[in-house]
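Let's walk through this protein together, one question at a time. Keep the structure in view as you read.

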Amino acid sequence: MRIPAHSVCTAVRDDIVAGVYERGSRLTEEVLARRYGVSRVPVREALRTLEAEGFVVTRRHAGACVAEPTEQEAADVLEMRTLLEPLGAARAAQRRTEAHLKVLRGLVRLGQERARKGNSEDLRSLGGWFHETLAQACGSPSLTSTLTQLRHKIAWMYAVEPPVSPVESWAEHGAIVDAVARGDGERARVLTALHAERAAGAHRLRFSVAGERVRTSQHAVNMSGLRH
């Protein structure tokens with residue numbers, strides 16, 4: 001059975017984000033195909049996609065390599081998210097479905113419960129799902145795709161410190177959902193902008209000036225993107 005290129009792309013991207021492949025390291029088709037148990041064709045297609053997304057660059061005499069973003073590029077990515085997430089929330093207030101609203105409310109309910117109990121690991125995952133669902137609710141595939149790519153890049157470039165007050169952070173999530181539910185786009189935009197601005201202060205660049213990555217993960221093969 002042929003593994004779709006997008007599944008290979010997801011697996012390679014996830015491993016780049018996790019630090020399995022260091023910045024500047026080579027990504028050869030043969031090695032990747034063997035690692036993920038696929039042919040070179042989906043690997044080649046995946047590398048083209050990842051290059052378009054900014055995770056991979058093609059170098060003369062070296063071929064495909066993991067990109068090496070500068071500190072300025074990392075700062076730009078974070079700023080782009082703080083500008084686009086409020087737009088997505090405003091659009092969600094006008095275009096969300098009842099299904100989106102049900103999921104958002106459920107995530108807020110779980111997040112607030114976990115915040116009171118101080119379960120930080122659950123909160124990290126719930127926060128990611130919350131922002132992913134909010135982006136999907138905006139009704140714009142191009143904006144959703146852009147926000148998703150930005151989240152992947154930020155996870156790659158930054159380590160995020162837990163909020164000082166998880167309860168307050170999830171109260172902000174709840175207020176955003178209330179505004180989206182009422183169809184109040186301007187309120188949703190303002191609340192999301194304030195939330196994004198506060199969250200940006202908790203991001204710490206994973207790369208030093210010398211370009212060394214702060215290692216935060218074990219180098220295990222990521223096969224989750226190949227499952228269906």
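Q: In what order do the elements of the protein run from the N terminus on?
A: This is a predicted model, and its secondary structure comes to 9 helices and 4 strands. Following the chain from the N terminus, you meet them in the order α-α-α-β-β-α-α-α-α-β-α-α-β.

Q: What percentage of the residues in the protein are buried?
A: A residue counts as buried when its relative accessible area is under 20%. The protein has 228 residues, and the buried part of them is 43%.

Q: Among contacts between residues at least 6 apart in sequence, what share joins residues at least 24 apart?
A: Here a contact means heavy atoms within 4.5 Å. Take the contacts between residues at least 6 apart in sequence: the share that joins residues at least 24 apart is 75%.

Q: Which elements each supply at least two residues of the lining of the largest cavity?
A: The structure holds 1 cavity of 30 Å³ or more, and the largest cavity has a volume of about 40 Å³. Its lining is made of E85, G88, A89, H131, L134, A135, L147 and R151. The elements that each supply at least two lining residues are α4 (71-95), α6 (120-136) and α7 (141-157).

Q: How many residues of that lining are nonpolar, polar and charged?
A: Look again at the lining, which includes A89, L134 and R151. Glycine is counted with the polar residues in this scheme. Sorted this way, the lining of the largest cavity has 4 nonpolar, 2 polar and 2 charged residues.

Note on methods:
Residues numbered from 1 in each chain as written. Predicted model: local features only at pLDDT ≥ 70, side-chain atom pairs only at ≥ 80, totals over all residues. Heavy atoms only, no water. Buried < 20%, exposed > 50% of the residue type's maximum accessible area, 1.4 Å probe, protein only. 1 Å grid on protein atoms, 1.4 Å probe; cavity = no way out; pocket = protein on both sides within 12 Å on 5 of 7 lines; lining within 4 Å. Points joined across faces, edges and corners; volume = space filled by probe spheres on them.
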